[in-house]
Amino acid sequence: MIKKQKKYMEQFLSALKEENLKATTQRVAIFEEVIYGEKHRECEQICDSLKSSKVNISRATVYRTLDTLIKYEFIRKMDIGDGRIRYESKIGHPHHDHMICVETGKIIEFTSDEIENIQDDIAKEHGYKIIKHIHQLFVKPINND
Ligand SMILES: [Zn+2]
């Protein structure tokens, strides 16, 4: 395990302690799956992936562990307005925005300093500073025919 990963694991273990939760193999597996696995997944997909790596975990445990991970800001919930909750790791992923393809459901990440600056300016003009923003673009492929 590289040094940084070890640090995150330690932070996770102390979060569990704080919550009076035991550091079980299952919880550790959920942590690693969500932090280092594929992004933008629903609980169901996370469960399936854990199942295929032969870790036997109840959905309730996954949900509860996800809640703990959110509370301690290891991950964030992502809502693209389709009634499904997706999760993404905040570790090692600096701020970014999302583009969602309405035809394929593909989620594309992007960043733009220009957009960030313009947003800051707009907020400032109104006497505010931005503490967080959610920027989602709904797109479909350009048809060339
Ligand atoms: Zn993302």
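**Exercises: Glu33 and the β4 pairings**

Glu33 counts as buried because 20 C-beta neighbours lie inside 10 Å. The cut-offs: buried means 20 or more other C-beta atoms within 10 Å of the residue's own, exposed means 12 or fewer, partly exposed lies in between, and C-beta atoms are placed from the backbone.

The model is predicted: local features need pLDDT of at least 70, side-chain atom pairs count only at pLDDT 80 or more, and totals for chains, interfaces and linings use all residues. Residue numbers start from 1 along each chain as its sequence is written.

**Exercise 1.** Place Glu33 and list the residues that it touches.

*Solution.*
- Step 1. Find the element: Glu33 sits in helix α2, residues 25-36. Helices (H or I, at least four residues) and strands (E, at least two) are DSSP runs, numbered from the N terminus.
- Step 2. Leave out residues up to four places away in sequence; Glu33 then touches Ile46, Ser49 and Leu50. Contact requires C-beta atoms, placed from the backbone, within 7 Å.
- Step 3. Check Ile57: 24 residues from Glu33 in sequence, 12 Å in space, C-alpha to C-alpha.

**Exercise 2.** Which sense, parallel or antiparallel, does β4 take with β5, and which with β6?

*Solution.*
- Step 1. Take β4 (97-101) and β5 (107-110): they pair antiparallel over four bridges. Pairing requires at least two DSSP bridges between the strands.
- Step 2. Name a partner: Met99 bridges to Ile108 in β5.
- Step 3. Inspect the turn: five residues separate β4 and β5 in this hairpin, and Gly105 there has a positive phi of about 80 degrees.
- Step 4. Turn to β6 (136-139): four bridges join this strand to β4, and the two run parallel. Ile100 stands opposite Phe138 in β6.

Conventions. Two residues are in contact if their C-beta atoms, placed from the backbone, lie within 7 Å.
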